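Visitor: Hey, got a minute to go through this one with me? I'd like to start with the empty space inside.
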Amino acid sequence: MIGALMLDIAGTTLTQEDIELFGAPQVGGVILFGRNIESAAQVRALTDHMRQIRPDILIAVDQEGGRVQRLRQGFTLLPAMGKFGELYAHDSQRALDLAEKCGWLMAIEVLAVGIDFSFAPVLDLNDISDVIGDRSFARNISDIIPLASAFLKGMKRAGMASTGKHFPGHGSVKADSHVAAAIDMRSYEDIQQKDMQTFIQLQPQLDALMPAHVIYSQVDPNPAGFSEFWIQKVLRQQLGFDGVLFSDDLSMQAACVAGGADARIQAALKAGCDMGLVCNDRAAQCIALEGIADLPLPNQERLERMRGQIPAIQIGTELDLGDEWRKIRDEILVFKQQTS
């Protein structure tokens, strides 16, 4: 059974403390960071060990491309998604082709090392947010939608579920919610007609969403990830979204409004999130786990949709996933070099 807490680990192998923590029923997932990565073979050994301990666990990573990709040593260094937006302005067909190939390439490498999914793609607008920037596909919603759609098709072809982030849009908020409170003072109508359109129009392709740790103060006093209005009324009822909802990292500064780690994950789950992330703080993870120990397990059928099509392969010292992988990897690397 899959629990409602996603946590992380400190090193490249599991400690006895990690193994014991994995036994808690409300542990449902693990997210890997750069510190957990030495090589493709090491990552596959780590994820295989995790599943020996907890066969039902979901394993995730942030492998967006550009400045946000945790798998580096031995993996393809992907371009930032904004590079496809720049190309789209003068060669839309090539941009769409490369975006789809990049989605496939990212997913096939992540799956090969035993990771179910990457929290991707970013569907925010590249507007005033410093933390979003070229993580976004483009500065125009009309460009983001076709490019993200192509990337999502590539992910799906590889066998990976997708997570659109950060609903209803972080790009129009200057503050970085990792380190500060982020407040968007626009009306619901402005947000709905602008930033939300990527999420609305791409909804049929999305398996999951991650709400933003942003307070849309004209709409609701709580950050979107703690807001029953955004999650229950807008996402579930108005938009009819039935995919998984992951909280953003509940250790981020913008999440502090809810209180301690136990109060934060309780608030996220009460608002309607299926799984809460608590990262880079083992003490907070234990507090969060204690805070939800008596709550019912989340929707299992929904969370099972996030399980990746992980191949039964041995990973050698060098990643080699076949002819198509080599061809597409080389094409993406040439594009990255041309645009760097």
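Visitor: So by class, what residues does the lining of the largest cavity have?
Guide: Six nonpolar, two polar and one charged. Here Ala, Val, Leu, Ile, Met, Phe, Trp, Tyr, Cys and Pro count as nonpolar, Asp, Glu, Lys and Arg as charged, and the others, Gly among them, as polar. Before we go on: this is a predicted model, where local features need pLDDT of at least 70 and side-chain atom pairs count only at pLDDT 80 or more, while totals for chains, interfaces and linings use all residues. Residues are numbered from 1 along each chain as its sequence is written, and side-chain values use heavy atoms, with hydrogens and water left out.

Visitor: Which residues line that largest cavity?
Guide: Gln63, Leu71, Phe75, Thr76, Leu78, Leu105, Met106, Glu109 and Val110. Helix α4 gives the most, with four residues. The volume is about 30 Å³, taken as the space filled by probe spheres set on grid points joined across faces, edges and corners. On a 1 Å grid over the protein atoms alone, a cavity is a set of points where a 1.4 Å probe fits but cannot get out; a pocket is an open set with protein on both sides within 12 Å along at least five of seven lines, and lining residues have an atom within 4 Å of a point.

Visitor: OK, pockets. What's the volume of the second largest one?
Guide: About 170 Å³. Its lining has 13 residues, with Gly82, Glu86, Asn126, Ala138 and Arg139 nearest the centre.

Visitor: And how does that lining divide by class?
Guide: Three nonpolar, five polar and five charged. Helix α3 gives the most there, with four residues.

Visitor: Switching to α12: which residues are buried there?
Guide: Trp325, Ile328, Ile332 and Phe335; buried is under 20% relative accessible area, exposed over 50%, partly exposed in between (1.4 Å probe, protein chains only). They're on the same side of α12 because they cover an arc of only 100 degrees around the axis, going by directions from the helix axis to the C-beta atoms.

Visitor: What covers them?
Guide: α3 (82-88), α4 (92-112) and α5 (141-158) are included, with contact meaning heavy atoms within 4.5 Å. On the other side of α12, Asp323, Lys327, Gln337 and Gln338 are exposed.

Visitor: Last one: is Asp184 buried or exposed?
Guide: Buried, with a relative accessible area of 3%. Asp184 is in strand β8, residues 183-184; strands (E, at least two residues) and helices (H or I, at least four) are DSSP runs, numbered from the N terminus. Among the residues Asp184 touches are Ile191, Val214 and Tyr216.

Note on methods: Lists of a residue's contacts leave out its neighbours within four places in sequence.
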